[in-house]
Amino acid sequence: MERLVNRYLRDEALALVPLHPNQNAYQAGKSVEMALHQPGVWLGKAHDQQEAALGVFLDIEGAFNNTCYDTMCDALVRHGSEYTIVWWISITLEGCVAVATLNRFSVGLAISRGCLQGGVLLPLLWCLVVDDLLTRLSGGSVFIQG
């Protein structure tokens, strides 16, 4: 089911409200090399035109583990996803339980945030969340790369 929802989001919802063009993560036809090349091109143009350029690099530590479910669902709505899909993803995320077992003893804990590793859909959900940041920071003489 997760693969079907992922395909729907990529083919339908993102066709109507696409990700920022400089978002490279988890997308077909884009790569780390492209993401690293584009700022170099931008800096080269600034150098050629004898302009000042400032680079700021952001590494969001623990991003996958700390993203709130509501934030992911809000990002889905902003990108035109149908209510049923948003509801299904919300229920799926909120129903996760982490279980640790040692010998015969087990402890379970409901998970309230984060993208579980190994999920097919979760990288796209993260891209949708980050897309809002990229869009807000873009414009004017600011170059943003994700």
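The following exchange concerns helix H6 and some surface residues of a predicted model.

Visitor: What should be known about the model before its values are read?

Guide: Because this is a predicted model, local features need pLDDT of at least 70 and side-chain atom pairs count only at pLDDT 80 or more, while totals for chains, interfaces and linings use all residues. Residues are numbered from 1 along each chain as its sequence is written, and side-chain values use heavy atoms, with hydrogens and water left out.

Visitor: How do you know that the span of helix H6 is close to the expected one?

Guide: Helix H6 (a DSSP run of H or I, at least four residues) covers residues 122-137 and reaches 23 Å from its first C-alpha to its last, close to the 22 Å expected for its 16 residues, where the expected span is 1.5 Å times one less than the number of residues.

Visitor: What makes the kink in H6, and where is it centred?

Guide: The kink is about 25 degrees and is centred on Val130, the bend at a residue being the angle between axes fitted to the seven residues ending there and the seven starting there.

Visitor: Why is Leu133 called partly exposed?

Guide: Leu133, which lies in helix H6, has a relative accessible area of 36% and is therefore partly exposed, since buried means under 20%, exposed over 50% and partly exposed in between (1.4 Å probe, protein chains only).

Visitor: Why is Gln50 called exposed?

Guide: Gln50, in the loop between helix H2 (32-48) and H3, has a relative accessible area of 75%, so it is exposed.

Definitions and conventions:
Helices (H or I, at least four residues) and strands (E, at least two) are DSSP runs, numbered from the N terminus.
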